[in-house]
Amino acid sequence: YRAVDLIRRKRDGQPLEPDEIAWMVRAHETGAATDYHWAAMLMAILWRGMNPTETAALTRAMIDSGSVLTWDDLDAPPIDKHSTGGVGDKTSLILGPIAAACGVPVPMVSGRGLGHTGGTLDKLEAIPGVRVALSTEEFRRLVRRHRLALIGQTDEIAPADRWMYALRDATATVESIPLITASILSKKFAEGIDGLVLDVKTGDGAFMATLEDSRALAESLIVSGRALGKRVVALVTRMDQPLGRQVGNAHEVAEAIACLKGDGPNDLTDLSLELAAEMICLGGVEPNLDSARRRAQGALEDGSALEVFRRVIADQGGDPRVIDQPEAILPRPRGHVLIAADPSTLPATGGFVAAIACRRLALAIMRLGAGRALTTDRIDHAVGLELFKKVGDPVAPGEPLARLDHTLEPNDPRLVHAHRELTACWSFAPLPIPNPPSLIVTRL
Ligand code: URA
């Protein structure tokens with residue numbers, strides 16, 4: 001093949017054959033398809049799309065650019081979960097231990113936060129001592145011992161995704177459903193899992209803001225995943241306000257631990273249990289969702305999920321006392337600022353939270369160190385926000401909406417800016433919303 005011929009075909013809207021796609025990915029390694037060929041190909045794919053066969057072939061080629069872990073010595077098929085990312089989404093830290101406690105091996109390879117979204121690895125690293133860069137051997141050992149380990153990308157996991165994502169980022173071609181599908185699935189399937197539960201977020205705080213796009217991404221992930229012989233389920237869930245009440249790295253670890261102790265907020269607990277139940281079902285540990293839900297609930301109630309988390313943290317080098325005394329062990333902020341309603345937006349007699357601008361909220365605390373604008377930025381794990389008021393909650397004039405925890409000097413101008421930004425995130429209505437939409441929009 002020649003790269004230019006394949007680009008021309010895609011440019012003209014004709015589908016590529018699986019062999020051609022596989023060649024094009026391999027050719028990036030050999031130099032027969034350079035970055036400029038791929039830049040053009042990515043733009044052609046963005047405009048022309050890919051059919052499910054092409055998307056599955058691209059996923060396969062990206063998986064084959066590295067190596068795939070094998071798990072023949074486990075007592076049940078390994079299953080993982082992927083979320084397309086959001087604000088306050090710490091479900092991995094909760095459902096991983098739940099699924100593992102229920103007998104499902106979870107070899108979880110996670111990512112870092114970028115822009116307004118957080119990442120599981122950054123959250124875990126808020127726990128002093130935790131290592132996420134484990135060797136493959138160590139990863140295997142931990143998954144065998146605890147049925148759970150949480151690590152970062154390695155050089156062998158879908159290396160084609162790394163150069164391709166960098167090119168997409170530089171050529172404005174990230175927003176393509178087939179490219180997103182192949183990127184997500186290649187990294188997850190290289191873990192050697194049998195099944196995958198997808199949490200596709202929708203709303204202002206999600207990667208895909210509209211329900212139509214989120215549903216299309218969920219469908220694409222399901223079709224391509226199944227074409228590659230995997231068991232795949234997707235939930236489309238709302239991300240139009242933060243999940244739970246804590247946003248920030250140490251903050252989210254503390255909330256995940258509270259949730260594992262049965263003290264979590266309802267939205268976070270319910271979603272974590274539902275996703276864990278899907279994993280338990282996919283893993284064949286329980287025959288149906290109802291029994292899987294009961295089993296997941298049981299692992300929360302009897303403390304077995306919490307124990308799994310404690311042991312995994314300890315074996316990954318973290319301080320296990322974080323489970324019993326999170327405030328004493330997790331990094332602490334230097335000061336805090338309360339956020340109250342802007343009197344010009346709240347009715348004089350009080351009102352109800354109508355919406356929370358989730359992306360804007362996350363960007364405001366990202367700029368104080370809770371997240372990264374660039375992949376090279378360092379995280380300040382102590383920075384975060386506790387929300388006192390979520391959508392539907394009543395608010396009296398002057399009542400605090402949230403507490404911003406920071407590590408700046410009290411007179412730092414960035415604090416004034418963050419305060420203004422955060423205040424603007426809440427909007428109010430005189431009456432409560434009649435039928436608040438459910439967190440889980442649909443299941444595919
Ligand atoms: N997440 C990924 O891993 N890849 C994408 O392309 C988009 C989101």
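A172 sits in the loop between α8 (159–171) and α9 (177–189). Its phi is near 55°, a positive value in a residue other than glycine. The model is predicted. The predictor gives the complex an ipTM of 0.95 and a pTM of 0.96. The protein chain averages a pLDDT of 96, and 100% of the residues score at least 70.

**Overall fold**

- The protein chain holds 17 helices and 13 strands.
- Its radius of gyration is 22 Å, close to the 22 Å that the globule rule gives for 444 residues, so the chain is as compact as a globular protein of that length.
- Along its principal axes, the C-alpha trace spans about 70 × 45 × 45 Å.
- Of the 444 residues in the protein chain, 51% are buried.
- Take the contacts between residues at least 6 apart in sequence: 78% of them join residues at least 24 apart.

**Ligand shell**

- The residues around the ligand are V174, L179, I180, S183, I184 and F207.
- By class, this shell has five nonpolar residues, one polar residue and no charged residues.

**Backbone with positive phi**

- Most residues other than glycine have a negative phi.
- A172 departs from that pattern, with its phi near 55°.
- A172 is exposed, because only 12 or fewer C-beta neighbours are allowed for that class and A172 has 10 other C-beta atoms within 10 Å.
- R147 is not a glycine either, and its phi is positive at about 65°.
- R147 belongs to the loop between α7 (136–146) and β3 (148–152).
- Unlike an exposed residue, a buried one has 20 or more other C-beta atoms within 10 Å; R147 has 24, so it counts as buried.
- G103, just after α5, takes a positive phi of about 105°.

**Helix α5**

- Helix α5 covers residues 92–101 and is mostly covered: ten of its ten residues are buried.
- Among the buried residues of α5 are S92, G96 and P97.
- L93, I94, L95 and I98 are also buried there.
- A99, A100 and A101 are buried as well.

**Helix α6 and the loop before it**

- D122 lies in helix α6.
- D122 is buried, with 22 other C-beta atoms within 10 Å.
- Leaving out residues up to four places away in sequence, D122 touches R112, G113, N249 and I379.
- D122 and I257 are 135 residues apart along the chain, and their C-alpha atoms are separated by 16 Å.
- G115 is in the loop between β2 (106–110) and α6 (120–124).
- G115 counts as partly exposed, with 15 C-beta neighbours inside 10 Å.
- G115 and A44 are 71 residues apart in sequence, and 26 Å apart in space, C-alpha to C-alpha.

**Annotated domain**

- An unreviewed UniProt entry carries the annotation "domain: Pyrimidine nucleoside phosphorylase C-terminal" for residues 352–429.
- Over residues 352–429, the chain is 31% helix and 28% strand.
- The end C-alpha atoms of residues 352–429 are 5 Å apart.

How values were computed:
Residues are numbered from 1 along each chain as its sequence is written. This is a predicted model: local features need pLDDT of at least 70, side-chain atom pairs count only at pLDDT 80 or more; totals for chains, interfaces and linings use all residues. A residue is near a molecule or strand if its C-beta atom, placed from the backbone, lies within 6 Å of it. Ala, Val, Leu, Ile, Met, Phe, Trp, Tyr, Cys and Pro count as nonpolar, Asp, Glu, Lys and Arg as charged, and the others, Gly among them, as polar. Helices (H or I, at least four residues) and strands (E, at least two) are DSSP runs, numbered from the N terminus. pLDDT is the predictor's confidence in each residue, from 0 to 100. The radius of gyration is taken over C-alpha atoms; the globule rule is 2.2 Å times the number of residues to the power 0.38. Two residues are in contact if their C-beta atoms, placed from the backbone, lie within 7 Å. UniProt positions are given in the numbering used here, feature names are shortened, and annotations may be inferred rather than shown by experiment.
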